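Colleague: I should like to learn how to read unusual backbone geometry in a model. Could we proceed feature by feature?

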Amino acid sequence: MKKVRLIVPLLLLVLLIVGAGLSTMAQMSEQVLRSAHDAEWTGLDPHVASTVSSFYVLANVVESLTTNNDDLELTPLLATDWSQSEDGLSWTFNLREGVHFSNGVEMTSEHVVFSMNRIINPETGSGRVASVGGPDAVWEAVGTHTVTVTTPDPNAILPILLASRATAVVHQDSVDENGVIVVPIGTGPFTVEDLDGTISMRLAKNENYWQDGLPLLDAVEISVIQEDAAREAALLGGEVDFVTSVAPQAVEALQGNADIVVHVAPALAYKYIGLNLTREPYDDVRVRQAIAYAINRDDLCSAGDFGLCTPLYGGPIDTGSPWHFDYAPYSQDVEKAKALLAEAGYADGFDMELMPTSTYQDTVRQAQVLQAQLGAIGIRTTINAPEWAEWLELEGNYRYDGYICSWNGLTDVEHYFYLQHRTDEVFNFTGYSDPAFDALVDQGRQVSDFDERFAIYEQANQILVDAVPYVYFYNPAFVRVMSTNVKGYVLRSDNANLYMNTYLEG
């Protein structure tokens with residue numbers, strides 16, 4: 001009996017030790033990526049969000065009917081195929097079967113129609129109405145896994161427009177009693193857990209995800225570190241495995257670090273200053289053209305992104321894109337700029353406020369260079385650099401002279417023109433309006449032939465460049481930096497931040 005009593009405690013102790021060891025091994029084998037993002041997300045409602053910082057998260061949580069693959073080719077996602085009616089007014093999308101939301105509910109046409117109608121509903125305040133067919137589009141479920149959309153005019157590029165996560169399909173339970181989505185219930189590879197405002201969260205593996213074997217990570221722990229130096233130090237110190245950006249001046253040194261992997265890709269993006277056409281003197285095209293002629297884009301490129309960029313002397317599209325247009329009138333010409341100001345009645349210049357954001361230091365550096373360049377033609381500038389949330393409020397309410405920002409994820413020619421510049425579009429924050437321009441970008445949606453579309457947008461581009469609601473600076477490059485054990489991540493030119501195929505080695 002005594003022996004039995006001795007053996008039992010010893011056996012329990014052995015089991016406890018073995019169990020603890022297995023638990024530790026399980027923790028060690030868990031694939032958790034520690035990722036530092038460079039800016040706070042401004043909300044996780046995919047139908048309302050407009051900032052890249054929000055879509056760095058949302059791209060991993062929600063999905064759209066179509067998508068662009070890593071080569072930026074249009075491919076199926078939640079829809080398996082689609083077709084257009086002979087009159088061009090209707091599209092039919094066949095949905096993928098066996099897809100479940102993260103709450104376990106199977107996705108059907110009902111959820112697609114709900115999501116598209118929510119975007120169209122003016123009470124939602126979405127800027128993506130044009131991307132789902134426009135305010136008069138009619139989405140209908142014609143079967144459990146088939147939907148149609150009918151538009152008043154032919155829309156030849158609707159599958160292209162639907163490739164954005166901003167047109168995501170969400171479950172109705174995502175929407176709270178106030179009509180707001182705080183945390184979306186999507187079909188993506190991850191779900192949002194442990195959300196702490198706009199500074200940290202955990203993306204947990206969606207156990208209901210429809211693509212077998214994905215995601216490869218069990219979780220992504222996201223923290224926001226806004227300062228470049230602090231973010232870089234966290235990576236070098238082993239506190240994080242991955243950062244969404246580093247200061248461009250640090251890229252060369254990091255490329256020489258054997259413990260770090262640096263990915264650089266040309267960006268389908270542009271950086272610019274938007275001018276407030278609802279205010280004097282920016283309502284005068286001669287003033288806006290003077291600003292366009294005054295600036296030295298090479299200097300802005302060097303200051304903002306330390307040379308990891310290509311200057312733009314006309315429209316927003318770089319020579320690397322098939323949609324590049326040759327019209328480029330704005331090489332620096334200080335004397336011409338002065339003459340335009342004098343012609344507009346501002347020979348002695350005027351006072352102007354430049355509005356970058358302290359959240360993105362490249363915009364502050366650009367503003368500092370602009371201050372000297374505009375001073376050379378008599379424009380006396382001050383710099384106001386609020387944090388991102390305040391900056392967005394000021395921009396959205398036309399409380400600025402000139403705001404400095406960027407546009408990302410521009411995979412199709414329309415993405416460079418429509419949402420930002422068509423009359424009364426939600427993202428038209430300059431107040432620009434031109435019936436001839438509107439007619440062209442509307443026409444560009446109705447044809448699919450490349451040559452025909454090119455000719456249409458070439459005209460629209462020239463109208464816009466001459467009108468100068470935006471003064472384009474340059475096309476940047478995107479940078480991601482990570483530890484050597486981070487594998488499978490693809491840095492895409494559309495800046496889609498996808499963790500689905502990422503994993504940790506060793």
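Modeller: Certainly. Please bear in mind that this is a predicted model. Let us begin with the peptide bonds.

Colleague: Which geometry does the peptide bond from Leu214 to Pro215 have, cis or trans?

Modeller: The angle to read is omega. For the bond joining Leu214 to Pro215, omega is near -5°, and the bond is cis. As for its setting, Pro215 belongs to the loop that links strand 9 (200-205) with strand 10 (219-224).

Colleague: And what is omega for the bond from Glu280 to Pro281?

Modeller: There omega is near 0°, and the bond is again cis. Pro281 sits in the loop running between strand 13 (270-275) and helix 7 (285-294).

Colleague: Let us turn to phi. What is the sign of phi at Asp194, positive or negative?

Modeller: Phi at Asp194 is positive, at about 50°, although the residue is not a glycine. Asp194 is part of strand 8, which spans residues 190-196.

Colleague: Is the side of the question concerning solvent settled as well: is Asp194 buried or exposed?

Modeller: A relative accessible area over 50% counts as exposed. Asp194 has 57% and is therefore classed as exposed.

Colleague: Where does Phe306 lie?

Modeller: Phe306 is located in the loop between helix 8 (297-305) and strand 14 (309-311). Its phi is near 50°, a positive value in a residue other than glycine.

Colleague: How is the accessibility of Phe306 classified?

Modeller: The class between 20% and 50% is partly exposed. Phe306, at 39% relative accessibility, therefore counts as partly exposed.

Technical notes:
Residues numbered from 1 in each chain as written. Predicted model: local features only at pLDDT ≥ 70, side-chain atom pairs only at ≥ 80, totals over all residues. Heavy atoms only, no water. Helix = DSSP H or I, 4+ residues; strand = E, 2+ residues; numbered from the N terminus. Buried < 20%, exposed > 50% of the residue type's maximum accessible area, 1.4 Å probe, protein only.
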